[in-house]
Amino acid sequence: MIVYKKTKKEFLEDVLVSDNEIEDIIAIEVENKLGRKTAKNEYISWKNSLNEMAKVLYSDKIPNDANISIEYNIPRTNNRIDLIVSGQNDSDEDKVIIIELKQWSEAQTTSKDAIIKTLLGGGIRETTHPSYQAWSYVKLLEGFNKTVSDEDISIIPCAYLHNYKKDNNLTNPFYKNYLDKAPIFIKGEKTNLINFISSHITQGDKSDVMNRIDTSEIRPSKSLADSMASMLKGNEEFTMIDNQKLVYESALEIARKSDKNNKNVLIVHGGPGTGKSVIAVNLLVELTKKGFNSRYVSKNAAPRAVYESKLTGTLKKTEISNLFTGSGSFTDCEENSYDCLIIDEAHRMNEKSGLYGNLGENQIKEVIYSSKSVVFFLDEDQTVTFGDIGEEEEIKKWANFYNANVEVMELTSQFRCNGSNGYLAWLDNLLEIRETANTSLDKDEYDFKVFDNPNDLKDAIYEKNKINNKARLVAGYCWNWNSKKDKNAMDIIIPEFGFEMQWNLSTDGNLWIVKPESIEQIGCIHTCQGLEVDYVGVIIGDDLTYEDGKIITNPEKRARTDQSLKGYKTRLKEAKKSNNIEKVIEIETKINNIIKNTYRTLMTRGMKGCYIYCTDENMSSYLTGMN
């Protein structure tokens, strides 16, 4: 989506002639098109930077009928390009120049690739270099936008820091690789920027190239699992943007500087689709290439099984097994045996390990003990069992126990759910996980549908799966796994609709999400958490209902074969017997969170869409009315 698009002539009129200030015009467009108010700092940045850009665009060297686009949202992300100039060159070829605008007046170099320090949020902080930022946005457009790739549209990045005076920091030779890809223009270099734009664009935008880009078909996103083999061969499959790049470089740095006398722990928070697993696997590849003894670690076996299956035939089995391991593998490990352990889905870590939960003391303690550096990727809103202990405070406790340095970072850039932060905020509000301003869903952002019949849901997912085997049905754990012992038995049965299906086959196990024939079965939280499909169909059972204007969780409706809430009745009974009201509230809150988090996780597995059927009619009506 483009917030503002006019010709250069019209843009200059808005800046220089209009009764409304340009920042007010943009703010109105943001509210109309994005449905949100403008923050004060954003408003000020438009005022300053767009007036400076008007001085550049005032030049006769830049055609009056070139198009100016402001605040263009990159497909499948929540990232926006500040300003774009589009037109044609002398050969009638389409040219698009993206300009990253910054108000910086100072910066400091770092030792991290593409990372620089500047004043942000009231303090000196690390961020991506403006040249890297502009270049990474081009890579995203080239990767996602079908019109850009099919028509070979030339997109040229640059950055304009109109307050910045020349020094040896911003343009330090350390950043040469990115400066060559996206040149920087600073204070006093207005003429240079004019010449740069006019060297590429000599004619107006006769073909309305930005409209074609904006309305283009969006290419399917790459699957992390499908890209594993290529990544391990050293190919760059994913371009990390903004804080993804910052987290990645920070993790590499702690691995480099850590030793047995200098342990380091990095805690990375990130919601669904923010790139946790992409960064984790990229780290594994880079550290392995550099000779570090590192491992990708997860509690849930499904992601490891899928990744390993994709590598079969490209590496020896022993090489594959040396890359991935479970979070319970460190009970007998010697201290500092590893250089870096990368813990994906760290919120799922447990205290005890082993099949019967009788080994070790605490998985978080054991991984920190076993490695000189540890990177924990977690989303505390994806804890889905009583046994999950992966929280920031628990990690900090054991890091302090071993005198490890601790750094906490956060990922915000959204790639899953069609890059829709709106969907995720709406979902949190919908499930009453946290109150947000997103009380309705923009259906143009994300494909969300509620079905009255589970068979219709099944048919819709089957149709989506025919495209590329990337659609699956999942359900809350409200039905017993009868087919585990009786292969002919059905599990998920909704008799009033004649609906009968089985849970994911034990023969497929953790590979359920990629096996083509598994479309015939329904997956659960344990076979899909940490993984993604294009479309997910979710059956919400009677453990989540809607009564008297609020969401109700019903743990007694969970299946007897469900282990996630195992022992909750005994815990509640003991707490009530001892009249421990605080403990009762704590247990009930945890039960409530586990059920809601389970559905939140299931409903965020789809990159393009989520389809729903609810066994509770009131819940179905509630969801229908909210979207």
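**Exercise 1. Ser 298**

Decide whether Ser 298 is buried or exposed in this predicted model, then find which backbone oxygen lies 2.7 Å from a polar atom of its side chain.

Solution.
1. Ser 298 has a relative accessibility of 0%. Buried means under 20%, so Ser 298 counts as buried.
2. In the chain, Ser 298 belongs to strand 11, which covers residues 294-298.
3. The backbone oxygen is that of Asn 300, 2.7 Å from a polar atom of the Ser 298 side chain.

**Exercise 2. Ser 86**

Place Ser 86 in its secondary-structure element, classify it as buried or exposed, and name the side chain with which it makes a polar contact.

Solution.
1. Ser 86 is found in strand 3, residues 80-88.
2. Its relative accessibility is 0%, so Ser 86 is buried.
3. The partner is Asp 205: the two side chains are joined by a polar contact of 2.8 Å.

**Exercise 3. The pair Glu 126 and Lys 112**

State how many salt bridges the structure holds. Then take the one between Glu 126 and Lys 112 and work out which parts of the chain it ties together.

Solution.
1. There are 35 salt bridges in the structure.
2. In the bridge between Glu 126 and Lys 112, the closest N and O atoms are 2.7 Å apart.
3. Glu 126 sits in strand 7 (residues 123-128), while Lys 112 sits in the loop between strand 5 (108-109) and strand 6 (115-120), so the pair ties together parts that are 14 residues apart in sequence.
4. Glu 126 is partly exposed at 24% relative accessibility, whereas Lys 112 is buried at 3%.

**Exercise 4. Two further salt bridges and a network**

For the salt bridges Glu 286 to Lys 290 and Lys 365 to Glu 361, give the N to O distance and classify each residue by its accessibility. Then list the members of the network of salt bridges that share partners.

Solution.
1. Glu 286 and Lys 290 meet through their side chains at 3.3 Å, N to O.
2. Glu 286, at 16% relative accessibility, counts as buried; Lys 290, at 49%, is partly exposed.
3. For Lys 365 and Glu 361 the closest N and O atoms are 2.7 Å apart.
4. Here the lysine is the buried residue, with Lys 365 at 14%, and Glu 361 is partly exposed at 42%.
5. The network consists of Asp 379, Asp 381, Asp 428, Arg 434 and Arg 600, joined by salt bridges that share partners.

**Exercise 5. Two surface patches**

Identify the residues of the negative patch and of the nonpolar patch, and describe one member of each.

Solution.
1. The patch of negative charge on the surface gathers Asp 452, Asp 456, Asp 459, Glu 496 and Glu 617.
2. One of these residues, Asp 459, is in helix 17, residues 454-468. Asp 459 has a relative accessible area of 46%, so it is partly exposed.
3. The nonpolar patch is made by Leu 16, Val 17 and Tyr 58 and has an area of about 370 Å².
4. Leu 16 belongs to helix 1, residues 8-16. At 54% relative accessibility Leu 16 counts as exposed, the cut-off for exposed being over 50%.

**Exercise 6. Asn 41 and Gly 121**

Compare how far apart Asn 41 and Gly 121 are in sequence and in space.

Solution.
1. Asn 41 lies in helix 3, residues 40-57, and is exposed with a relative accessible area of 59%.
2. Along the sequence, 80 residues separate Asn 41 from Gly 121.
3. In space, their C-alpha atoms are 9.9 Å apart.

**Exercise 7. Positive phi**

Explain what is notable about the phi angles of Asp 242 and Glu 432, and locate both residues.

Solution.
1. Most residues other than glycine have a negative phi.
2. Asp 242 is not a glycine, yet its phi is positive, about 45°. Asp 242 is in the loop between helix 9 (224-232) and helix 10 (243-257), and at 17% relative accessibility it is buried.
3. Glu 432 likewise is not a glycine and has a positive phi, of about 60°. Glu 432 falls in the loop between helix 16 (421-430) and strand 16 (447-451), and at 35% relative accessibility it is partly exposed.

Technical notes
Residues numbered from 1 in each chain as written. Predicted model: local features only at pLDDT ≥ 70, side-chain atom pairs only at ≥ 80, totals over all residues. Heavy atoms only, no water. Patch = residues over 30% accessible without salt bridge, like charges linked within 9 Å, V, L, I, M, F, W, Y side chains within 5 Å. Areas by Shrake-Rupley, 256 points an atom, 1.4 Å probe, with all protein chains shown as cover. Salt bridge = Lys/Arg side-chain N within 4 Å of Asp/Glu carboxyl O. Lys, Arg positive; Asp, Glu negative; His and termini not counted. Charge placed at Lys NZ, Arg CZ, Asp CG, Glu CD. Helix = DSSP H or I, 4+ residues; strand = E, 2+ residues; numbered from the N terminus. Buried < 20%, exposed > 50% of the residue type's maximum accessible area, 1.4 Å probe, protein only. Polar contact = N/O pair within 3.5 Å; in protein donor to acceptor, adjacent residues only side chain to side chain.
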